[in-house]
Amino acid sequence: MNKPAEFPLPVTGRQKMTPSEAFVETLVAHGVRNVFGIVGSAYMDALDLFPLAGIRFISVAHEQGGGHMADGFARVSGRHGVCIAQNGPGITNFVTSTAAAYWAHSPVVVITPETGSMTLGLGGFQETDQLPIFSRITKYQAHVNNRARMAELTSRAFDRALLEMGPTQLNIPRDFFYGDIECEIPRPLAIERGAGGEKSLDEAAALLAGAQFPVILAGGGIVMGDGAADAIALAELLQAPVAVSYLHNDAFPATHPLWCGPLGYQGSKAAMKLIAKADVVLALGTRLGPFGTLPQHGLDYWPKNAKVVQVDADAKMLGLVKAVSVGICADAGAAARALVARLAGRPLASQANRAARLADVAAEKRAWETELDAWTHEKDAWSLEVSRDSSHMHPRQMLRELERAMPAGAMVSTDIGNICSVSNSYLRFDRPRSMFAAMSFGNCGYAFPTIVGAKVAAPDRPAIAYVGDGAWGMSFGELQTCVREQIPVTAVVFNNGQWGAEKKNHVDFYENRFVGVNLDGQPSWAAVAQAMGAEAHRIEKVSDVGPALRAAATAQRDGKTTVLEMMVTRELGDPFRRDALALPVRHLAKYQATAAK
Ligand SMILES: Cc1ncc(C[n+]2csc(CCOP(=O)(O)OP(=O)(O)O)c2C)c(N)n1
Ligand SMILES: [Mg+2]
């Protein structure tokens with residue numbers, strides 16, 4: 001992990017400087033070495049200093065992409081991701097990426113130069129009120145109201161991003177970069193999170209000691225707090241099966257015998273069946289988001305009578321979605337260590353039935369793998385119909401091949417879409433900071449730029465994005481960034497010729513009345529990628545999938561970005577939001593043809 005101390009130190013002592021210098025030196029103080037964005041006159045005086053400050057400016061194709069790159073960078077490094085743009089339109093382009101970073105708990109600092117203070121409110125060029133726009137998608141907003149406070153407020157925006165685990169905004173009237181000020185560059189705050197209150201830890205330990213069937217639900221807090229080893233130690237002490245929370249498949253090593261896979265949409269039946277038996281659930285580093293424990297595969301698995309111990313670093317998340325018996329506001333790793341200290345050497349009820357439970361865990365895992373092996377394609381009527389005469393690959397078979405060929409240490413980002421969602425069953429990791437899904441914000445177009453940012457933070461790790469063809473149409477522009485800035489990644493594009501996830505709702509609820517879901521007339525994405533200077537292959541056969549992925553990952557070492565265009569059938573897995581849709585009711589005569597029969 002990058003630590004600020006490894007980086008060049010900023011100037012010390014109170015002295016005369018320009019606000020641009022104060023701003024850039026504060027970035028240096030916080031260890032910033034990469035900033036993503038698009039050039040703009042609003043902050044050019046500061047940008048001019050970047051090279052001498054040792055800061056690389058990564059010039060992107062669209063500010064949204066730059067924001068996602070900052071997010072990916074932050075999620076891999078545990079350090080700030082930073083993005084900057086031109087006041088007005090450059091800044092409004094950051095809205096989606098900032099909202100996504102908010103729900104991914106990424107410490108992204110969104111730097112938003114704004115129109116000059118002397119013309120603010122006069123409706124000048126590129127003016128919009130930049131604070132309200134971000135007010136609900138940031139943890140903190142700093143507005144530089146006086147050029148003399150540039151370093152102080154810049155530093156606070158960086159401190160708060162780590163402290164509150166989410167994006168912050170630094171809003172700077174563009175004229176405030178100029179002038180003379182006298183200041184000292186503040187040192188970054190280093191605030192350690194603790195293990196939680198003694199009383200709640202004692203209560204949690206008592207519950208766990210008395211549990212007949214304890215199950216751990218490992219969440220993103222373990223990843224963000226670098227607590228994987230502590231979570232493993234606690235799981236082993238209790239010999240408790242470990243499910244991972246939705247889209248945090250990297251929160252516990254998949255090779256560990258106690259790992260059971262993800263809960264939630266397209267998750268693991270083994271994890272669901274085992275957690276359903278729990279009498280005590282330890283939700284370790286998870287906010288238990290409402291989407292993460294939805295019924296799936298026809299299983300309503302959440303154990304409603306179990307006692308729940310929830311550990312989250314944000315006190316506001318405790319007991320918010322699920323009723324809890326004990327809520328612990330803590331760093332997940334530190335809390336796990338404190339629980340191990342309390343439980344070690346103590347009689348544990350779960351010891352008595354240990355052998356039977358472990359046999360159960362192994363059997364459920366085996367059963368799920370066997371089912372996945374046999375589940376080569378979707379079996380609903382519509383999927384069978386559209387794939388019958390297709391020469392294309394079944395998505396599930398292709399995903400299984402990708403899983404088998406996944407290079408060691410790979411980082412995988414996933415987009416929002418039907419095939420990306422199905423991939424959840426096939427994504428297993430052995431180390432944290434490996435999976436970067438579009439989290440609860442769920443925006444199409446997330447995965448590709450995010451993996452580009454991840455690669456900047458971890459250039460030696462293979463970087464792979466899973467993207468549906470619709471989402472690819474939104475985000476492929478960042479291939480320019482890969483080529484121009486020499487950031488080699490692999491994009492696996494699932495070409496099913498449709499906005500599949502939404503089409504599935506038409507199939508399930510609207511009697512196949514398709515509106516706006518077919519992506520007819522798409523270009524060859526492989527040809528487009530080649531024209532943009534990347535390597536590209538169109539993959540038609542399942543047997544070519546693994547070799548193509550391995551070759552593309554190897555090509556990253558030679559600086560090459562590769563697009564693998566996977567030609568897949570139009571079959572579709574279970575829908576996203578069965579919970580949120582209803583069969584159509586129509587009252588007006590003219591719409592009766594669309595009423596549910
Ligand atoms: C920015 C944005 N626009 C629209 C949606 C609604 N949406 C969710 S999934 C989806 C379809 C994704 O299609 P594609 O990327 O081709 O993947 P597929 O479902 O076909 O696998 C859409 C449009 C969204 N989540 N985000
Ligand atoms: Mg598609």
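How many residues surround ligand 1, and which are the closest? Ligand 1 is surrounded by 18 residues, a residue counting as near if one of its heavy atoms lies within 4 Å. The closest are Asn418, Asp469, Gly470, Gly500 and Ala501.

This is a predicted model, in which local features need pLDDT of at least 70 and side-chain atom pairs count only at pLDDT 80 or more, while totals for chains, interfaces and linings use all residues. Residues are numbered from 1 along each chain as its sequence is written, chains are lettered from A and ligands numbered from 1 in the order in which they are written, and side-chain values use heavy atoms, with hydrogens and water left out.

**Polar contacts of ligand 1**

The table lists polar contacts, meaning pairs of N or O atoms within 3.5 Å.

| Atom of ligand 1 | Partner | Distance |
|---|---|---|
| oxygen | Asn496, N or O atom in the side chain | 2.9 Å |
| oxygen | Gly500, polar backbone atom | 2.8 Å |
| oxygen | Ala501, polar backbone atom | 2.7 Å |

**Two sheets**

Helices (H or I, at least four residues) and strands (E, at least two) are DSSP runs numbered from the N terminus, and two strands pair if DSSP finds at least two bridges between them. One open sheet has six strands in the order S3-S2-S4-S5-S7-S6, paired in parallel. Strand S3 (56-59) and strand S6 (140-143) each have a single partner strand, so one side of each lacks a neighbour in the sheet. Neighbouring strands are turned by 25° against each other on average, direction ignored; axes are lines fitted to C-alpha atoms, for helices over the stretch in contact, and angles run from 0 to 180 degrees between N-to-C directions. Helix H8 (residues 150-163) packs on this sheet, touching S4, S5, S6 and S7 (contact means heavy atoms within 4.5 Å). The direction of H8 makes about 165° with that of S7. Within the sheet, S2 (residues 34-37) and S4 (residues 81-84) pair over two bridges, and Phe36 has Cys83 as its bridge partner in S4.

A further open sheet of six strands follows the order S11-S10-S9-S12-S13-S14, with parallel pairing. Its edge strands are S11 (259-262) and S14 (326-329), and its twist averages 15° from one strand to the next. Helix H9 (residues 198-210) packs on this sheet, touching S9, S12, S13 and S14.

**A helix pair**

The axes of H15 (residues 354-374) and H17 (residues 395-405) come within 9 Å and cross at roughly 125°. Glu369, Leu372 and Asp373 of H15 meet Arg396, Arg400 and Arg404 of H17.

Technical notes
A polar contact is a pair of N or O atoms within 3.5 Å; within protein, one must be able to donate a hydrogen and the other to accept it, and residues adjacent in sequence count only if both atoms are side-chain atoms.
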